[in-house]
There are 2 protein chains.
Amino acid sequence: MKDDPVDTNPLHYSVVFENDRVRVLEYLDASGDKTTPHEHPDSVMYTLSNFRRRLHSADGHRDVELSAGKAMWLPAQRHSGENIGTTPTHVIFVELKDDLEDAQAGSWIGPA
Amino acid sequence: MKDDPVDTNPLHYSVVFENDRVRVLEYLDASGDKTTPHEHPDSVMYTLSNFRRRLHSADGHRDVELSAGKAMWLPAQRHSGENIGTTPTHVIFVELKDDLEDAQAGSWIGPA
């Protein structure tokens, strides 16, 4: 993955679990913090804090306000973010790896 | 899925998000609560409380003690559980649906 957030924004993103099916990231920031552009694969987000953010993408930006304890789908996307609220943003991302592609590549038998 | 926990133990398990790739369950109980046997597909667990549980499976039982804020892998399994601690168990499960099987079935072209 190009611009993996763990590489581009290591102060905010950390890997808390990984196997061949998923990778789980924890994101934690403070009011006013910004991230640089990075990419997410299809992921489940679970919010651990109330927060308000401005998300910038190639199309422009949008503001989101979320409360703690919400599960939602984050389709694969490239963006950067900005904490425009007064509270930390604390989120868990469960990233889905592409099982189909990996499984097919792994099971293909024939000349190399 | 046989013995879906949402059906077998609706007081403890609820669906908080679902699409074609994942289903997200929230589990919440109180000290002393028990579940009846149910099945989990391959899932990511994320703990929201400190808790102590006894898990019963066909092979016997094992006790687990976990703290809040841990992500871990729950391989597909059938079990029942018992809160043997003094605190509620609060956990999020991100269940993975079988993309490979669905995708192959969906993309297969030929006589029915």
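Which residue in S8(B) is the bridge partner of B:His38? The partner is B:His79. This pair is a good way into the model, which is predicted.

Start with the sheet that holds the two histidines. S3(B) and strand S8 of chain B, residues 77-83, pair in the antiparallel sense. Three bridges make up that pairing, and B:His38 with B:His79 is one of the bridge pairs between strands of chain B. Now step out to the whole sheet. Four strands of chain B lie in the order S3-S8-S5-S6. The sheet is open, and its pairing is antiparallel. Strand S3 (38-40) and strand S6 (60-66) of chain B are the edge strands. Each of them pairs on one side only. Neighbouring strands here are turned by 40° against each other on average, with direction ignored.

Chain B has another open sheet to follow. Five strands build this one, in the order S1-S2-S9-S4-S7. Here too the pairing is antiparallel. Strand S1 (13-18) and strand S7 (71-74) of chain B stand at its edges. Each has a single partner strand, so one side of each is left without a neighbour in the sheet. From one strand to the next, the twist averages 25°. Look at the S1 edge more closely. S1(B) runs antiparallel to strand S2 of chain B, residues 22-28, and five bridges join the two. Within this part of the sheet, B:Val15 has B:Leu25 in S2(B) as its bridge partner.

Next, turn to the interface between the chains. Chain A brings 20 residues to the contact, and chain B brings 20 residues. About 1,700 Å² of area is buried between chain A and chain B. Carbon and sulfur atoms give 75% of that area.

What of the charged and polar links? Two salt bridges are counted between chain A and chain B. In a salt bridge across the interface, the side chain of A:Asp42 meets that of B:Arg21, at 2.9 Å from N to O. Polar contact across the interface comes to two residue pairs, both at pLDDT 80 or more.

Which elements of chain A supply at least two residues each to the side that touches chain B? Five strands and a helix do: strand S1 (13-18), strand S2 (22-28), strand S4 (43-47), strand S7 (71-74), strand S9 (90-96) and helix H2 (99-107). By residue type, this side of chain A divides into 15 nonpolar, two polar and three charged residues.

Terms used:
Residues are numbered from 1 along each chain as its sequence is written. Chains are lettered from A and ligands numbered from 1 in the order in which they are written. This is a predicted model: local features need pLDDT of at least 70, side-chain atom pairs count only at pLDDT 80 or more; totals for chains, interfaces and linings use all residues. Side-chain values use heavy atoms; hydrogens and water are left out. Contact means heavy atoms within 4.5 Å. Buried area is the accessible area (1.4 Å probe) that two parts lose on being put together, summed over both. A salt bridge is a side-chain nitrogen of Lys or Arg within 4 Å of a carboxyl oxygen of Asp or Glu. A polar contact is a pair of N or O atoms within 3.5 Å; within protein, one must be able to donate a hydrogen and the other to accept it, and residues adjacent in sequence count only if both atoms are side-chain atoms. Ala, Val, Leu, Ile, Met, Phe, Trp, Tyr, Cys and Pro count as nonpolar, Asp, Glu, Lys and Arg as charged, and the others, Gly among them, as polar. Two strands pair if DSSP finds at least two bridges between them. Axes are lines fitted to C-alpha atoms, for helices over the stretch in contact, and angles run from 0 to 180 degrees between N-to-C directions.
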